[in-house]
Amino acid sequence: MYEWFISRRYLKAKHRHGFISLISLISVAGITVGVIALIVVLSVYSGFTDGLRDQILGINSHIIVQQVGGSIHNYRQVREQILDADNVVAATPYLYAQTLLSGTSGGTGVVLRGIDPETAATVIKLPTQMKSGSIGDLVQDETARIPPIILGKNLAQDMQVGVGDRVRLISPSGPLTPTGVIPKVKTCLVTGIFESGMFEYDSTLAYMSIANVQAFLGSGDIVHGIEVKIEDRELNRADQVAGRLVAGLGPGFIGKDWMSMNHNLFAAFKLEKIGMFICLALIILVAALNIISALVMVVMEKGRDIAILMSMGATSTSIMRIFFFQGAVIALAGTTLGVIGGLGLCEILSRYQFIELPSNVYPMTTLPIKVLPLDVAIVAVSSIIITLTATLYPSWKAAQVRPAEVLS
């Protein structure tokens, strides 16, 4: 194919105006930088999304089953029904309460979460998040008068307490007396400290056994819901599994999956990811404009060569191919270098993790990187389409050369 042969000669040849070669190099560099930036940014967004999801699912379950309008009284029976359902791995009851926690250095509001230590370990990742103590410490000896409690790392630091110290739980919803409502106060023993990696949870969450929370609240033998863990392969179809669970339990029950409970957060991440893709794609567009400039000037410089080729029988289509191939080489070179550079930079950032993030602002301490093959493919294809489109006008311009006018 002589068009490819001539296109290569034009690429290798020294131009009378070195500025044309410089523009070609700038075009390649622009495409490379744009592709690198796109791959790294999209990988960071994917890493943030997956990291945030894992940390949320470390504290919360995949699905929460609740009863409409109140608490679940026959929760043991309901749990057994849930365990018999398809795609369910484990289930555990839970109880929530908003209370005050007081220590020697002051008090603060906390979310008190009552769990069953035996079954909760199969649903949430609390056992692996323990920095000191264990989830089994929540199982209280019948002779013990002070119930055990597990605090988040930041909560314990703010209150200046550690394992072995005592804190007081205060509930404003106490008994009504002639002098007013008397708050409930319960002294607890700190038996463990956990760290989830999410500041919001580590600074506001405390765990106790369901029995102790029920006794503290005076609620009786009830729970607020059942937390359910499903198979990992069904994680992105948790809403469908939740629908089947509710249908199996009968009327009066509702199911919330992890996606719907955090819909706004992940929708924001998705929207930002699309926005960043569009913004950074403009870098490639600028490089594509440089390709147009370079090829137009090559067409002007090689006008006599084009006229001679056409007078020798070359068709307009052949002339277009010559300059299209020249632009395609620039496009493919820039895209290939960009993909290699982007993947290489992602590997460096992922392996060495030298970019640290403040834990009180972000849900992870280092910059998360996750390279998705689909993202890389979309970036590469988009880059090639944009840059190849930029070669169409200069190629068409070359095909419009009139040999009689140029050679006269």
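## Basis of the description

A residue is called buried when its relative accessible area is under 20% and exposed when that area is over 50%. The structure described here is a predicted model.

## Overall architecture

The chain contains 16 helices and 12 strands. Of its 408 residues, 46% are buried. Among contacts with a separation of 6 or more, 78% join residues that lie 24 or more positions apart.

## Two residues with positive phi

Gln160 is not a glycine, yet its phi is positive, at about 60°. The residue sits in the loop that runs between helix H6 (153-159) and strand S6 (166-171). Its relative accessibility is 60%, and because the cut-off for exposure is over 50%, Gln160 counts as exposed.

Asn87, another residue other than glycine, has a positive phi near 70°. Its position is in the loop between helix H3 (75-83) and strand S2 (88-103). With a relative accessible area of 16%, Asn87 falls under the 20% limit and is therefore buried.

## The contact between Asn87 and Glu234

Glu234 belongs to the loop between strand S11 (225-230) and helix H9 (238-249). The relative accessible area of Glu234 is 8%, so this residue is buried. Leaving aside residues up to four places away in sequence, Glu234 touches Asn87 and Val241.

Asn87 and Glu234 are separated by 147 residues in sequence, but their C-alpha atoms are 7.3 Å apart in space. The loop between H3 and S2, which holds Asn87, and the loop between S11 and H9, which holds Glu234, are thus linked by a contact between these two residues.

## Helices with a buried face

An α-helix has 3.6 residues a turn, so residues three or four places apart point the same way. Two helices of the model are described here in terms of their buried residues.

In H3, the buried residues are Tyr75, Val78, Arg79 and Ile82. Viewed down the axis of H3, these residues fall within an arc of 100°, and they therefore line one face of the helix.

Helix H14 covers residues 373-390, and its 18 residues should span 26 Å at 1.5 Å a residue; the C-alpha atoms at its ends are 26 Å apart, which agrees with that expectation. Its buried residues are Asp375, Val376, Val379, Ala380, Ser383, Thr387 and Ala390. Down the axis of H14 they occupy an arc of 130°, so they too line one face of the helix. Pro373, Leu374 and Ile385 are exposed on the other side of H14.

## The largest pocket

The largest pocket has a volume of about 420 Å³. It is lined by 14 residues, of which Thr49, Asp50, Trp258, Phe266 and Lys270 are the closest to its centre. Helix H2 (18-59), helix H10 (258-261) and helix H11 (263-301) are the elements that each give two or more residues to this lining.

H11 makes the greatest contribution to the lining of the largest pocket, supplying six residues. Classified by type, the lining comprises six nonpolar, four polar and four charged residues.

Note on methods:
Residues numbered from 1 in each chain as written. Predicted model: local features only at pLDDT ≥ 70, side-chain atom pairs only at ≥ 80, totals over all residues. Heavy atoms only, no water. Helix = DSSP H or I, 4+ residues; strand = E, 2+ residues; numbered from the N terminus. Expected span 1.5 Å × (residues − 1). Buried < 20%, exposed > 50% of the residue type's maximum accessible area, 1.4 Å probe, protein only. Arc of directions from axis to C-beta. 1 Å grid on protein atoms, 1.4 Å probe; cavity = no way out; pocket = protein on both sides within 12 Å on 5 of 7 lines; lining within 4 Å. Points joined across faces, edges and corners; volume = space filled by probe spheres on them. Nonpolar A, V, L, I, M, F, W, Y, C, P; charged D, E, K, R; others polar. Contact = heavy atoms within 4.5 Å.
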